[in-house]
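The exercises below ask you to read burial, strand pairing and an interface from a model. Please work through each task before turning to its solution.

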Amino acid sequence: MFLNYLNSLPATVAQGIMWGLMAIGVYITYRILDIADLTVDGSLVTGAAVCATLMVNGWHVAPAILMAVLAGMLAGLLTGVFHTGMGIPPILAGILTQLILWSINLKIMGKANMPLLARNHFLLASGLYIPRTLLTLVLVAAAVIALLYWLFGTEVGCSIRATGCNLQMSRAQGINTSLTKILGLMMSNGIVALAGAFLAQYKGAADINMGRGAIVIGLAAVIIGEAVMSRISRNFAVKLLSVVVGGVIYFFVYQTIIFLGLDTDLLKMLSALLVAVFLAIPYWKKTYFSHPKKKPLADVAEEALEEVPHA
Amino acid sequence: MLELVNVSKTFLAGTVNEKKVLKSVNLHLKPGDFVTVIGGNGAGKSTTLNAVAGVFPVDEGNILIDGMDVTHLSEHRRAAYIGRVFQDPMMGTAANMEIYENLAIAARRGKHRGLRWSSTAKEREYYRELLATLGLGLEERPNAKVGLLSGGQRQALTLLMATLRQPKVLLLDEHTAALDPKTAAKVLEITEDIINRSSLTALMVTHNMKDAIAHGNRLIMMHDGKIIYDVEGEEKKALTVEMLIAKFAQSSGEEFANDRALLS
């Protein structure tokens with residue numbers, strides 16, 4: 001039994017990297033743009049559906065993945081237009097797109113589950129050959145991190161970061177904040193769809209339900225990664241890497257809980273509660289644990305004097 | 001350089017809280033004019049600046065910058081011609097980004113932003129020199145996150161950012177009001193210095209009557225959405241705080257209703 005658990009670890013890492021990749025997409029919206037984008041539950045499936053459907057129809061894996069990414073970016077575009085062009089709050093905009101994608105994903109696949117089997121297709125990731133899959137996933141994650149590191153250092157990337165940090169300042173500095181929000185949402189959902197395309201190959205199918213709760217797993221990976229690695233370095237590439245590491249740790253815990261015999265029906269609830277507690281920590285710190293700093297009396301007197309009007 | 005023609009704005013129109021904040025405001029700034037703006041609470045000072053900046057569309061009238069009608073230009077497009085510093089020191093800079101990165105963003109105000117790296121080594125050298133002119137030691141730590149700076153340092157940096165690309169109009173909205181007196185004086189000194197060096201056209205809202213008299217070549221007083229007093233040159237230089245308060249009572253028929261201004 002324990003041996004089984006040990007044997008399953010490489011597969012756990014592979015799953016963790018794929019979901020960590022998806023979490024990088026969540027990081028872009030949640031941390032950089034300061035938007036909680038719920039599109040991801042749908043765009044993950046869109047990526048999987050597009051990749052699987054195209055491959056079943058004879059496409060090679062590489063162009064199929066590329067199309068999956070483009071489809072994800074279109075989903076991000078839709079959410080962005082709902083938000084910036086129609087004034088819908090971002091959370092609601094994401095929910096609307098998510099629901100639209102449910103129908104679209106069914107239409108893409110023509111059914112709720114599209115098998116994608118390794119014996120029929122050349123796949124880049126599969127549970128059947130873990131070592132090669134692991135190597136591929138590590139390379140893909142490294143490439144995505146390198147690409148984002150460069151992109152967010154460019155003029156456009158900086159304006160996207162500024163938009164998430166300070167909207168007024170961005171507009172005052174001539175940044176079209178509607179455009180930067182849309183670009184950020186497109187990048188995010190493109191990466192989420194990329195993760196979806198790999199997940200479909202790995203699991204041997206694209207499934208209409210595979211994205212349920214993706215946003216929560218993504219947030220958990222972001223939060224866990226920050227908790228573990230934020231002290232090591234503040235470098236942007238390290239932050240992105242920590243998100244992937246967060247994903248791996250999440251699935252390691254997940255596997256362990258299964259091994260310990262916990263009812264797997266409860267896993268989604270536990271993930272959500274974990275995220276809720278982590279999100280609450282900054283709030284609790286501010287509300288219950290912050291005491292005004294005690295200043296030496298001399299400083300207080302000096303400040304009081306400065307406040308007296310200089311008549 | 002800046003022209004407001006019959007500009008009107010009503011907030012919450014059609015509700016019980018309807019407020020006519022600007023009533024047919026006319027204002028013409030010549031190139032190089034440094035105008036200080038005073039007035040009581042709710043007089044329309046900040047609203048005037050925000051109307052120029054394009055934060056909201058105006059109900060009536062036109063706004064021209066250097067002869068060009070910008071009335072219907074969006075806020076970010078208009079930013080190409082306008083430098084802005086806000087009352088809240090947090091508002092003018094991106095806290096999570098480095099000093100260099102903030103300056104790099106300001107250096108591209110009104111320019112196309114593409115896939116080039118955000119700043120070149122040569123540009124960063126130039127930013128360092130500019131930072132040194134502030135005399136605040138910021139040039140020693142250009143990679144520091146702006147969130148770590150004090151309010152005064154952030155306002156000084158915002159001033160630098162607002163003028164890094166020469167604006168046709170510089171809008172200062174009570175930009176020293178949130179600072180302690182010593183820092184406020186320093187930031188005001190830097191403001192005066194930057195405006196003089198590049199002969200900028202500027203509108204500066206202040207609640208401090210002494211500052212309003214001491215700085216700029218022209219002073220306007222606003223009350224109830226209108227400009228009630230406009231003075232420049234020698235006549236402005238001769239003003240005193242008492243004269244301004246008397247002028248206010250005479251023009252508006254009311255007591256000057258801004259206790260902050262009276263105390264200053």
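Two strands count as paired if DSSP finds at least two bridges between them, where strands (E, at least two residues) and helices (H or I, at least four residues) are DSSP runs numbered from the N terminus. The model is a predicted one, in which local features need pLDDT of at least 70 and side-chain atom pairs count only at pLDDT 80 or more, while totals for chains, interfaces and linings use all residues. Residues are numbered from 1 along each chain as its sequence is written, chains are lettered from A and ligands numbered from 1 in the order in which they are written, and side-chain values use heavy atoms, with hydrogens and water left out.

**Exercise 1. Determine how strand β9 of chain B is paired and how it is covered.**

Solution. Begin with β10(B) (residues 226-232), which runs antiparallel to β9(B) and is joined to it by 6 bridges; one of the residues to look for is Met222(B), whose bridge partner in β10(B) is Ile227(B). The two strands form a hairpin with 2 residues between them, and Asp224(B) in the turn has a positive phi of about 55°.

Next, turn to strand β3 of chain B (residues 34-39), which pairs with β9(B) in the parallel sense over 5 bridges. Here Thr36(B) has Leu219(B) of β9(B) as its bridge partner.

Finally, consider burial, where buried means under 20% relative accessible area, exposed over 50% and partly exposed in between (1.4 Å probe, protein chains only). In β9(B), residues 218-223, 6 of 6 residues are buried. In a regular strand the side chains alternate between the two faces of the sheet. One side of β9(B) carries Arg218(B), Ile220(B) and Met222(B), the other Leu219(B), Met221(B) and His223(B), and both faces are covered.

**Exercise 2. Describe the surroundings of Ser188(A) and Ala195(A) in helix α9 of chain A.**

Solution. Helix α9 spans residues 177-203, and Ser188(A) lies in this helix. Ser188(A) counts as buried because its relative accessibility is 0%. Beyond its neighbours within four places in sequence, Ser188(A) is in contact (heavy atoms within 4.5 Å) with Gly25(A), Val26(A), Ile28(A) and Thr29(A). A polar atom of the Ser188(A) side chain lies 2.7 Å from the backbone oxygen of Gly25(A).

Then take Ala195(A), which also counts as buried because its relative accessibility is 0%. With neighbours within four places again set aside, Ala195(A) is in contact with Met18(A), Leu21(A), Met22(A) and Leu44(A).

**Exercise 3. Characterise the interface between chain A and chain B.**

Solution. First establish its extent: 24 residues of chain A are in contact with 32 residues of chain B. The buried area, meaning the accessible area (1.4 Å probe) that two parts lose on being put together, summed over both, is about 2500 Å², of which carbon and sulfur atoms give 60%. In chain A, Glu155(A), Met169(A) and Gln173(A) lose the most area to chain B, together 28% of what that side buries.

Second, count the charged pairs: there are 3 salt bridges between the chains, a salt bridge being a side-chain nitrogen of Lys or Arg within 4 Å of a carboxyl oxygen of Asp or Glu. Glu155(A) forms a salt bridge with Arg116(B), the closest N and O atoms being 3.3 Å apart.

Third, assign the chain A side to elements: α6 (130-151), α7 (155-165) and α8 (167-172) each give two or more residues to the side that touches chain B, and α7(A) gives the most, with 7 residues.

Notes. A polar contact is a pair of N or O atoms within 3.5 Å; within protein, one must be able to donate a hydrogen and the other to accept it, and residues adjacent in sequence count only if both atoms are side-chain atoms.
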